[in-house]
Amino acid sequence: MSILSLDNVSKSFGALKVTDAVSFDVPQGQALGIIGPNGAGKSTLFNLITGNLVSDEGRIDFDGQDVTRVPAMKRVAAGVGRSFQIPQPFEKLTVFENLLVAATHGRAASEAEVLEPCADVLRRTGLLPKANSPAGTLSLLERKRLELARAMATGPKLLLLDEIAGGLTEAECRSLVQTIRDIHAEGVTIIWIEHVLHALNAVVERLLVLDFGRVIGIGDPKEIMDSREVREIYLGIEV
């Protein structure tokens with residue numbers, strides 16, 4: 001059963017078509033990686049899935065419902081969680097308070113109802129020792145973990161990760177990847193945009209390649225990366 005389905009989804013900004021008839025399904029419980037050159041339309045695609053942008057054409061179904069015109073907050077409440085490429089926490093709030101904000105608004109619940117779920121997310125994302133630290137004092141890795149934790153605090157069925165491994169050292173990347181693997185093992189469906197390919201390949205079961213807003217390949221990660229078209233377009237290798 002697919003938890004997410006896109007059917008011929010397109011989006012233009014003026015004369016520029018940034019998402020061009022994109023169609024794919026994501027089975028429940030799967031991890032899908034998305035790669036492509038800068039400007040391929042990856043972040044726009046995420047914004048269409050989350051409802052931050054509305055498509056010009058096509059249809060998006062989530063969890064069996066047509067959400068093509070559903071606003072972003074209602075998609076969060078339905079189970080679409082998302083991290084952003086550049087962490088933007090409430091820097092003067094503590095780590096735990098950041099999670100409470102995400103959970104109360106994302107789940108439309110009271111603070112009392114989300115206290116234990118937020119504490120659990122802190123444990124799962126390795127942030128429990130930093131629970132009472134102001135978010136503005138965190139290192140880059142801790143900020144990335146907080147970005148992941150805030151998305152998880154909303155109780156997502158589908159978790160969208162936008163270049164969450166970018167800028168980390170090799171050791172930091174391995175640590176974060178293990179956390180994401182653990183979350184995926186719990187049954188959370190993941191779609192992950194990433195340029196750090198070894199991190200992506202450690203988690204995902206399928207890989208989708210975008211170029212100029214079009215899907216040029218989707219399937220087994222090794223087969224996708226071995227294809228002539230992907231190597232020429234994404235890696236810049238003439239084959």
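Hi everyone. One definition before we start: when I say that a helix lies across strands, I am talking about contact, which means heavy atoms within 4.5 Å. And please keep in mind that what we are looking at is a predicted model.

With that in hand, let's look at helix α1, residues 42-50. It lies across β3, β6, β7, β8 and β9. Relative to β7, which covers residues 158-162, helix α1 runs at about 155°.

So what are those strands part of? They belong to an open sheet of six strands, and the order across it is β6-β7-β8-β3-β9-β10. The pairing in this sheet is mixed. As a reminder, strands of a sheet pair through backbone hydrogen bonds, either parallel or antiparallel.

Which strands sit at the edges? Those are β6, at 80-82, and β10, at 214-219, and each of them pairs on one side only. Ignoring direction, neighbouring strands here are turned by 20° against each other on average.

Let's zoom in on one pair. Strand β3, residues 31-35, and strand β9, residues 206-211, are parallel partners over four bridges. If you'd like a spot to find on screen, G33 stands opposite L207 of β9.

Now, a second helix on this sheet: α5, residues 140-153, lies across β6 and β7, at about 160° to β7.

Helix α5 also packs with α3, residues 95-106, at an angle of about 35°, and their axes are 8 Å apart. The crossing is right-handed. Who makes the contact? From α3 we have V95, N98, L99, A102 and A103, and from α5 there are L146, A149, R150 and A153. By class, that contact has seven nonpolar residues, one polar and one charged.

Thanks for listening!

Notes
Residues are numbered from 1 along each chain as its sequence is written. This is a predicted model: local features need pLDDT of at least 70, side-chain atom pairs count only at pLDDT 80 or more; totals for chains, interfaces and linings use all residues. Side-chain values use heavy atoms; hydrogens and water are left out. Two strands pair if DSSP finds at least two bridges between them. Helices (H or I, at least four residues) and strands (E, at least two) are DSSP runs, numbered from the N terminus. Axes are lines fitted to C-alpha atoms, for helices over the stretch in contact, and angles run from 0 to 180 degrees between N-to-C directions. A crossing is left-handed if the near helix is turned anticlockwise from the far one by less than a right angle, and right-handed if clockwise. Ala, Val, Leu, Ile, Met, Phe, Trp, Tyr, Cys and Pro count as nonpolar, Asp, Glu, Lys and Arg as charged, and the others, Gly among them, as polar.
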